[in-house]
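Hi everyone, thanks for coming. Have the sequence and the model open in front of you, and let's walk through a few spots together.

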There are 2 protein chains.
Amino acid sequence: MSLQAAARIKRGLTYCVNSWTCRTYCMKKEIIDGLRTVVGESNISTAMAVREQHGRDESMHSCRPPDVVVWPQSVDQVSKMAEMCYSNNVPIIPFGTGTGLEGGVSAVMGGVCFNMTRMDRILNLNAEDFHVTVEPGVTRKSLNNYIRDSGLWFPVDPGADASLCGMAATGASGTNAVRYGTMRENVINLEVVLPDGRILNTAGKDRRFRKTAAGYNLTSMFVGSEGTLGLITKASLRLHGIPEATVAAVCAFPSVQAAVDSTVQILQCGVPIARIEFLDDVMIDACNKFNGLNYPVLPTLFLEFHGTENGLKEQVQQTEEITQMNGGSDFTWAKDQEERNKLWTARHNAWYAALALRPGSRGYSTDVCVPISKLPEIIVETKKDLTESHLTGPIAGHVGDGNFHCIMVMNLADKNEVSRVKEFTNRLARRALAMNGTCTGEHGIGLGKRKLLEEEVGEVGIETMKQIKATLDPKNLMNPGKVV
Amino acid sequence: MSLQAAARIKRGLTYCVNSWTCRTYCMKKEIIDGLRTVVGESNISTAMAVREQHGRDESMHSCRPPDVVVWPQSVDQVSKMAEMCYSNNVPIIPFGTGTGLEGGVSAVMGGVCFNMTRMDRILNLNAEDFHVTVEPGVTRKSLNNYIRDSGLWFPVDPGADASLCGMAATGASGTNAVRYGTMRENVINLEVVLPDGRILNTAGKDRRFRKTAAGYNLTSMFVGSEGTLGLITKASLRLHGIPEATVAAVCAFPSVQAAVDSTVQILQCGVPIARIEFLDDVMIDACNKFNGLNYPVLPTLFLEFHGTENGLKEQVQQTEEITQMNGGSDFTWAKDQEERNKLWTARHNAWYAALALRPGSRGYSTDVCVPISKLPEIIVETKKDLTESHLTGPIAGHVGDGNFHCIMVMNLADKNEVSRVKEFTNRLARRALAMNGTCTGEHGIGLGKRKLLEEEVGEVGIETMKQIKATLDPKNLMNPGKVV
């Protein structure tokens, strides 16, 4: 018997009782029956197809299906089932939309996957207080559709139409972060079911102030904890006023340095730029081909400005002066909604555009973040590394935050290529670490970057994180095997 | 023997060896000698006058002097002395500028006060990355003087010229928070000496990215922890571009509701207002008298706009339209630096202006924060409560954040009045809690609001905070008796 199998049996798990074709060790029938009693017959599944759907995200980590999937309808159900898992030593894996990029939903030790999509109410919209509360089934786009008439919006935009509670759990950010911040700055309060079933409100029940100095910042501790400390069942979010006017533009540069210098100067001048996205020549080429566009194949910035009609004029004028001083091209404009959508669709399709470079390939998007002054150096070195490693990895990034992605495009059947990609992503992360950066600006640690996290935060840092994990999740049941 | 005395002796402390007049229990001579070996003769004191200076802040909590005060010169000295304290079970109390308002420096269990002011280097100023690192002796004003020529500034401004590491420890904010955020949003990384002397870099050594998704957010856990988890020995801060132009204005309103409605509408319109400060009629009257001004004695907003010359015109025009729609007076302008200084000096002198209402009195500034929509109701109720309680408590607040202060002015010799103030501040905090608010927006929990914190975050919240405290400070030596 394998060590893993022995460990599972010690936890009270036995061979699968559900299907004679199933070769994994599965959960005791009485635990599954207990869960069924809580959520009802139509909200639980042990079907292999369903479990496999829940055992992987959009990363290249292999599928590790949970033993059972449940769809709770209320926080009380989540609490009851967590308690059951706790007393039976069964792992819990929270699941939002499965759009993660670091294997966060992988059930590496089996257990119960909590699919949270059927808790999908939007509560307490309060326009005067710029505040709303959402359950975990509410996605970014569904919230913005719902609140549009209030004159408000929620700006954090990682590209995918992810669940907002999942975005809180992973500390998501994206294209608008340079102006509006990441989830860390926009989550006000969380309702969390702790591993033993107790319900915690990180800032106190129903509290929704803009700031507080009351006690330890539990909200920030759970934001970005990747489901390893508890199950988020509600998030209170800070909303922002929809800008009166929006305009977007594209500008090409003779070099990466010129694009980054422009970015730094735009920020130093206090232009409240809403989006400033970098695409390298390979990425632009891919976008051109995929979207039928014909931007110059050069390092490029996609820009977006939010403000009043008059304010925009000034923002744009200041920005254009800066980009032209740095040798940038004239702006290509996208003033109306349709043109803007086309531009940002091209940016958000970067993933598919990259995949289309090599039909039949799989993608893996890795990300790092460095001090903005180090961006030209790291991008130039990384492009050299890609060439030397014979790898395809177009670069797109949130340059105003010093954050960028290499979208690695590979043939999964080519073991040598896959292993070169793994080595490359580790080198990229270590290059970021050597430049005072972080091994992940927004994708998280998940399964793949645990070793890198240790290098990033050092011995005392990782010990402290492990202490927190052991304190809040003493049985290591919450999304085990991730982060620490 | 008192219980406290017994506990102190159990911790290895004995009667004072320094002075026959000292009636407190003091630390063993060999511990003091050990500390002296680390910092040198000129950086340690057991003189009662010095200890008393370090046993109180600007609150009305009574003086509780530490047994000894040390002035470390480096993180290694801090680490060595923390280790000594740890192995001898002696409490540690960090001390910055002593400008706290909730008794945070009070040595309620005796111990060693670490006065951090002699570690005062400014390190790694990097204008391209909007980044600087400061040691704990660097104050807000000294940093801004130092970096002025770089075109950058650090905007968090609690009024007092506090130490920046102290501001990080207490999660300070102030007048600019509505636009630039509080310490929580502007601290990038902290170097912290843990109770046992180990050195933690909350985001990893020398890291200074704008965002990260790597592991638990240790930085946010220490920001606002009020010295109860560790000693901050370095803070990496996010800087901002000095605005091209600044203009300030004053506007009076017929009612609190009109002033708050204006504020909400200004924010909803996306005016990037830099400061929006509310003063009630009593506060304005006090400011007029103290500063020789003659503003109308009405609910008033002090406003400040940052931007380009053109941008300001538009911000001001939008704001004026809104305030006039709400019955506000014409703006009184403060366009040049001197006029602006006069205006903000009046605001920052609010404390002294309040005290001058009753010469010879003592002040106590209490603060709460509520959802902005609840501000009119809580301010009206609070003013009624003040009248009914026969108390003087002018109100000033960071209205854009829903945060306000009552500056309680009282005769400390009048026990009945002091007790009425205490009851009033508890009622005020509970009123804020009942309106989904927090018992403190920026002053912290310290000694005085521990019971209120429990009410605010609930049973599971306080248990979780206690678990964190017990994990990181198992012997309860870091600033004991505060927060939890």
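Okay, one term before anything else: buried means under 20% relative accessible area, exposed means over 50%, and partly exposed is in between, using a 1.4 Å probe and protein chains only. Also, this is a predicted model, where local features need pLDDT of at least 70 and side-chain atom pairs count only at pLDDT 80 or more, while totals for chains, interfaces and linings use all residues. Residues are numbered from 1 along each chain as its sequence is written, chains are lettered from A and ligands numbered from 1 in the order in which they are written, and side-chain values use heavy atoms, with hydrogens and water left out.

Let's start with cysteines. A disulfide here is a pair of cysteine sulfur atoms within 2.5 Å. How many disulfides does the structure hold over all chains? The count is 0. Take A:Cys63: its nearest cysteine sulfur belongs to A:Cys113 and is 11 Å away. A:Cys63 is partly exposed, at 26% relative accessible area. For A:Cys406, the nearest cysteine sulfur is that of A:Cys369, 14 Å off, and A:Cys406 is buried, with a relative accessible area of 0%.

Now the two chains. Two copies of a chain are related by a rotation about an axis and a shift along it. Copies are superposed by least squares on the C-alpha atoms of residues with pLDDT of at least 70 in both. Here, a turn of 180° and a shift of 0.0 Å along the axis lay chain A on chain B with an RMSD of 0.0 Å. That is the relation of a two-fold axis. The same surface serves both copies, since 100% of the contact residues of chain A recur in chain B, where contact means heavy atoms within 4.5 Å.

So where do the chains meet? One place to look is B:Ser173, which touches A:Lys211. B:Ser173 sits in the loop between α6 (164-170) and α7 (177-180) of chain B, and this serine is buried, at 2% relative accessible area. By the way, helices (H or I, at least four residues) and strands (E, at least two) are DSSP runs, numbered from the N terminus. A polar contact is a pair of N or O atoms within 3.5 Å; within protein, one must be able to donate a hydrogen and the other to accept it, and residues adjacent in sequence count only if both atoms are side-chain atoms. The side chain of B:Ser173 makes one with the side chain of A:Lys211 at 2.9 Å, and another with the side chain of B:Glu442 at 2.7 Å.

Next, a sheet in chain B. Strands pair if DSSP finds at least two bridges between them. Four strands form an open, mixed sheet in the order β3-β4-β6-β5. β3 (44-45) and β5 (92-95) of chain B are at the edges with a single partner strand each, so one side of each has no neighbour in the sheet. β5(B) runs parallel to β6 (residues 112-115) of chain B, joined by 4 bridges, and B:Ile93 stands opposite B:Cys113.

Last stop: strand β8 (residues 131-134) of chain A. Which of its residues are buried? A:His131 and A:Thr133 on one side, and A:Val132 and A:Val134 on the other, so to speak both faces are covered. β8(A) pairs antiparallel with β7 (residues 122-126) of chain A over 3 bridges, and with β12 (residues 231-238) of chain A over 4, also antiparallel.

Technical notes. Lists of a residue's contacts leave out its neighbours within four places in sequence.
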